[in-house]
Amino acid sequence: MLTKAQWNVCREEIADMYPEAHCELVHDNPFELLVATMLSAQCTDALVNRVTKDLFQKYKRPEDYLGVPLEELQDDIRSIGLFRNKAKNIRAMSEILLEKHGGIVPDDRDTLMTLPGVGRKTANVVVSVAYGVPAFAVDTHVERVSKRLGLNRWKDSPLEVEQKLMRWTPEDEWSQTHHQLIFFGRYFCKAKGPECGICPILNMCREGRKRMGLNKKEEDAE
């Protein structure tokens, strides 16, 4: 398993690779970010951005999502996976925002998680990006990188990954490190075809060393 000292080195190397890492979901306000993040579940940010380009012209407030039939909203997001369930959750979320929060997106993770269709990852993204609250959202990229490096065990849950990352990363760096890990996982340490051969942290990466046969070479040399 990765040591804390090694994690700090990995974190610095990844930060050097992606110093400008940021949320790639296009939005103008916390409500748009919330909707976009809900749409992004099991879907790429690029596809979400293509859909929200027109969607956010038509729907600007919670009232707008409640002002059309469910079927119309479904048609507007049909190209996104799980569009029926996401449309239902967006309408239910909008209704509760109006009833309980005056139409304002809460800046508290636990409160956000009481909204329909809003899980821990989505809530962490919103509080971090929209409100600057330190958070560590664990998506598929963050989880993959953490487990490949050996920071976490393969069997660890996303919550266990989040908790380990928070313990081993300074709180004021949680949000930026989260974005940098996403960029690293999305563009370099990809699910298929990771670029292990040119990776600056290969010597510390459990999965990378295995893929490159380095562990076997060292055993043979002994």
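**Domain contacts, pocket, cavity and two local sites**

Eight residues of domain 1 are in contact with eight residues of domain 2, contact being defined as heavy atoms within 4.5 Å. The structure is a predicted model, in which local features need pLDDT of at least 70 and side-chain atom pairs count only at pLDDT 80 or more, whereas totals for chains, interfaces and linings use all residues. Residues are numbered from 1 along each chain as its sequence is written, and side-chain values use heavy atoms, with hydrogens and water left out. The domain assignment divides the chain into domain 1 (4-21 + 137-215) and domain 2 (30-131); such bounds come from an automatic or database domain assignment. A distance of 28 Å separates the C-alpha centres of domain 1 and domain 2.

The largest pocket has a volume of about 700 Å³. Pockets were identified on a 1 Å grid over the protein atoms alone, as open sets of points with protein on both sides within 12 Å along at least five of seven lines; lining residues have an atom within 4 Å of a point. Grid points are joined across faces, edges and corners, and a volume is the space filled by probe spheres set on the points. The pocket is lined by 35 residues, of which Ser 40, Ala 41, Cys 43, Lys 121 and Asp 139 are the closest to its centre. Two or more lining residues come from each of helix H2 (30-39), helix H3 (45-58), helix H6 (83-101), helix H8 (120-131), H9 and H11; helices are DSSP runs (H or I, at least four residues), numbered from the N terminus. H11 makes the greatest contribution to this lining, with six residues. Both domains take part, as domain 1 and domain 2 each supply at least three residues to the lining of the largest pocket. By class, this lining comprises 14 nonpolar, 14 polar and seven charged residues, where Ala, Val, Leu, Ile, Met, Phe, Trp, Tyr, Cys and Pro count as nonpolar, Asp, Glu, Lys and Arg as charged, and the others, Gly among them, as polar.

A search of the whole structure for cavities of 30 Å³ or more yields one, a cavity being a set of grid points where a 1.4 Å probe fits but cannot get out. The largest cavity encloses about 100 Å³ of space. Its lining consists of 15 residues, and those closest to the centre are Phe 184, Cys 189, Cys 196, Cys 199 and Cys 205. H9 and helix H12 (206-211) are the elements that give two or more residues to this lining, and the largest share, three residues, comes from H12. The lining of the largest cavity includes 10 nonpolar, one polar and four charged residues.

Tyr 187 is found in helix H11 (residues 174-187). Tyr 187 is classed as partly exposed because its relative accessible area is 38%, between the limits for buried (under 20%) and exposed (over 50%), as evaluated with a 1.4 Å probe on protein chains only. Beyond residues up to four places away in sequence, Tyr 187 touches Tyr 18, Glu 24 and Glu 195. The side chains of Tyr 187 and Glu 24 form a polar contact of 2.8 Å; the term denotes a pair of N or O atoms within 3.5 Å, and within protein one must be able to donate a hydrogen and the other to accept it, with residues adjacent in sequence counted only if both atoms are side-chain atoms.

Asp 156 occupies the loop between helix H9 (140-149) and helix H10 (158-168). With a relative accessible area of 8%, Asp 156 is buried. Its side chain makes a polar contact of 2.8 Å with that of Arg 153. Outside its neighbours within four places in sequence, Asp 156 is in contact with Glu 143, Lys 147 and Val 161.
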